[in-house]
Amino acid sequence: MRFQLLGPLSITDGREVVVLPPAKPTSLLAALLVRPGEVVPTERLRQAVWGERQPATAKAALQSCVLRLRRLFAKYDIEEQSVVAVAGGYRLPADGDTLDLLHFRRLVSEAVGAGESELPLLRTALGLWQGPLLANVPSDLLHRDEVPRLVEEHLRVLERVCEIQLAHGRCREVLVDLWEATRTHPQHEGLSAQLMRALYGAGRQNEALAEYRRIRAHLRDELGVDPGAALQNLELAILRGEEFPGAALAERDGHGAAAGAAPYGGGRPGPDPSPRPRLPRVPGFTGRSRETAGLVDHLNDGGRRDGRTDSTPVIAVISGGPGMGKTALALHTARLVADRYPAGGVLLPLARPDGTPRPAVEAAAELRAVLPAGIPRGSCLVVLDDVVHPDQVRDLLDVPGCGALVVTSRMRLAALVATHGPAVLQLGALTPQESMALLTTVLGRERVAAEAAHARALTDLCGHVPLALRIAAARLLTRPKLRLADYAAWLRRDLPARLALPDDPRMSVPLTLDGALDRLPGPLADAHLRLARLSGQFTAPDAATALRMPETHAEELLERLLDTGLLDEEQPGTLRMNSLFRVHALHRTARTGDLPQAVVAPARLALPSGAT
């Protein structure tokens with residue numbers, strides 16, 4: 001037989017559980033079990049059973065209660081665990097086989113320094129908790145003094161379990177536990193910090209910031225204090241879209257253990273026993289929820305539903321115009337499915353800085369050098385970034401250990417789609433709602449809400465292009481007193497030249513779009529510049545007039561521009577050029593002094609080949 005203290009007080013033989021009635025012997029038993037093997041003073045036991053209103057014959061009443069408890073033990077054949085009377089009190093012998101509390105503590109002790117076994121041991125320990133502690137024990141003293149101490153033991157282990165999973169990028173796995181724990185313990189800053197990190201890592205930045213506001217309001221209302229420095233720094237890191245190491249939060253403040261603190265007396269996790277390549281994090285990723293969900297489903301198991309074997313990598317293609325966040329989506333999604341690919345992830349650029357394709361042989365050699373030796377088949381995910389030609393992908397399909405290929409490209413790679421049938425995502429501009437969410441994530445709800453109309457105008461100026469929005473948000477974040485209205489007016493006076501950050505040439509809309517045009521064959525680039533002279537929307541006949549060519553030739557050019565992501569198809573027969581792309585094209589034309597000459601027919605135009 002075994003006593004169960006971690007929940008309603010009960011006795012079990014492993015098959016059936018008997019929950020004890022809320023009576024005085026139950027309170028006496030609980031008072032002894034919370035201090036297993038220790039001598040509990042008689043005065044302490046009397047207070048646990050009767051509280052402050054003890055009977056005049058309390059000494060005799062306690063002895064009578066002990067006899068009733070011994071009869072209960074005899075009823076369930078557990079006389080060997082009888083209550084022992086000693087000088088000054090009573091004690092109840094117990095060990096890990098007869099009391100779940102001691103079993104819990106034994107598992108937690110074994111987990112310290114157990115390496116890969118730590119998480120399973122701690123999960124087993126948490127599984128011993130079966131509901132509200134001592135729910136059937138009518139003792140105010142025990143609920144006041146002992147239950148909080150036991151709850152803290154539970155929370156330290158829960159924090160540790162969540163910390164291990166967060167350290168491995170398993171943000172979604174811990175959300176349910178953390179939601180429940182933070183609502184049960186609303187002022188526990190350590191759990192709230194972990195929930196914020198989990199939400200942030202799962203791409204739910206707004207909810208992470210809402211969690212900070214919840215605990216801040218709770219602490220102010222209940223205790224009259226603000227959150228500690230660790231939580232405040234975490235909120236700031238999320239607002240800035242930064243990647244924050246868990247160690248930076250390993251501080252203690254007045255309201256509980258910080259997220260990175262060692263929760264049960266030792267043992268931070270050691271280094272990963274099998275180092276694996278890791279993909280870079282995308283800080284502050286916002287929007288694309290539908291695309292992300294579909295891609296996660298495909299990479300987790302959807303790619304196997306069409307009969308592929310484990311020897312054939314799952315393939316997904318993310319295409320779209322420059323600055324649309326293709327690489328960010330690929331990296332963000334790859335981290336969400338990290339558990340499906342235990343050998344890690346690799347980011348492999350397939351274009352040189354000038355836009356020319358890297359030879360497939362060179363890329364394959366680099367990939368084989370990065371992947372750990374002898375990794376299991378299908379256990380690694382590879383992001384092939386900025387693919388120029390389908391042959392670059394085909395030549396990497398047989399790399400050992402590669403279980404999934406996420407391909408990003410400015411081209412739609414129709415030939416690859418035709419031969420290998422991957423999942424296909426075509427990224428355009430963000431929706432107005434997603435654009436506002438991105439600004440809110442970086443700048444904070446209060447600042448955006450205070451100038452909501454100007455914030456919407458700013459997103460329109462940026463063409464709802466993620467790169468442009470992040471540049472604008474970064475500038476505003478570094479100037480917290482600058483009004484959104486003033487910044488939008490300043491931006492409008494020299495758009496798109498002012499959508500650039502001087503300390504990072506990669507964060508520049510003009511350079512990004514110039515590079516995109518420079519990578520195209522001359523006639524395609526010239527066609528793009530001429531089409532910018534039209535209104536934002538146009539048809540093939542409109543294009544034929546602007547390009548001074550037959551309509552059939554214009555249709556071929558439009559197809560090629562659609563393939564590059566520089567045009568979008570609003571509806572069949574109606575094309576659209578993103579407003580920011582159009583402004584850039586007009587600006588570039590002004591820099592050259594005049595429009596290019598009439599565009600030649602595209603029949604012989606060919607995009608760069610990657611089959612080298």
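Me: Are helices α8 and α10 roughly parallel or antiparallel to each other?
Reply: This is a predicted model, where local features need pLDDT of at least 70, side-chain atom pairs count only at pLDDT 80 or more, and totals for chains, interfaces and linings use all residues. Residues are numbered from 1 along each chain as its sequence is written, and side-chain values use heavy atoms, without hydrogens or water. Helix α8 (residues 189-201) and helix α10 (residues 229-239) have axes that come within 10 Å and cross at roughly 10° (axes are fitted to C-alpha atoms, over the stretch in contact for helices, with angles from 0 to 180 degrees between N-to-C directions; helices are DSSP H or I runs of at least four residues, strands E runs of at least two, numbered from the N terminus). Angles under 35 degrees count as roughly parallel, so α8 and α10 are roughly parallel.

Me: How many charged residues sit in the contact of α8 with α10?
Reply: From α8 come Glu 189, Ser 192, Ala 193, Met 196, Arg 197 and Tyr 200, meeting Leu 231, Leu 234, Glu 235, Ala 237 and Ile 238 of α10 (contact means heavy atoms within 4.5 Å). Seven of these residues are nonpolar and one is polar (Ala, Val, Leu, Ile, Met, Phe, Trp, Tyr, Cys and Pro are nonpolar; Asp, Glu, Lys and Arg are charged; the others, Gly among them, are polar). The charged ones number three.

Me: At what angle do α18 and α20 pack?
Reply: Helix α18 (residues 452-461) and helix α20 (residues 484-492) have axes 9 Å apart, and they pack at about 25°. That angle makes α18 roughly parallel to α20. On the α18 side the contact includes His 454 and Leu 458, with Tyr 487 and Arg 492 among the α20 residues. So, for the pair that counts as roughly parallel, the packing angle is about 25°.

Me: Which strands stand at the edges of the five-stranded sheet?
Reply: The open sheet has parallel pairing and runs β10-β11-β12-β9-β13 (strands pair if DSSP finds at least two bridges between them). Its twist averages 15° from one strand to the next. Two strands have a single partner each, so one side of each lacks a neighbour in the sheet: β10 (345-349) and β13 (423-427).

Me: How many residues of β9 are buried?
Reply: β9 pairs with β12 over six bridges in the parallel sense, and with β13 over five. Both faces of β9 are covered: Val 314, Ala 316, Ile 318 and Gly 320 on one side, Ile 315, Val 317 and Ser 319 on the other (buried means under 20% relative accessible area, exposed over 50%, partly exposed in between, with a 1.4 Å probe and protein chains only). β9 is largely enclosed by the rest of the structure, because its buried residues number seven of seven.

Me: In β12, which residue is the bridge partner of Ile 315?
Reply: Ile 315 is on one of the covered faces of β9, and β9 pairs with β12 in the parallel sense. The partner in β12 is Leu 405.

Me: How far apart in space are Asp 514 and Arg 588, C-alpha to C-alpha?
Reply: Asp 514 lies in helix α21 (residues 509-518) and counts as buried, at 14% relative accessibility. Leaving out residues up to four places away in sequence, Asp 514 touches His 584, Arg 588 and Arg 591. Asp 514 and Arg 588 are 74 residues apart in sequence, yet their C-alpha separation in space is 8.3 Å.

Terms used. Parallel < 35°, antiparallel > 145°, perpendicular 65-115°, else oblique.
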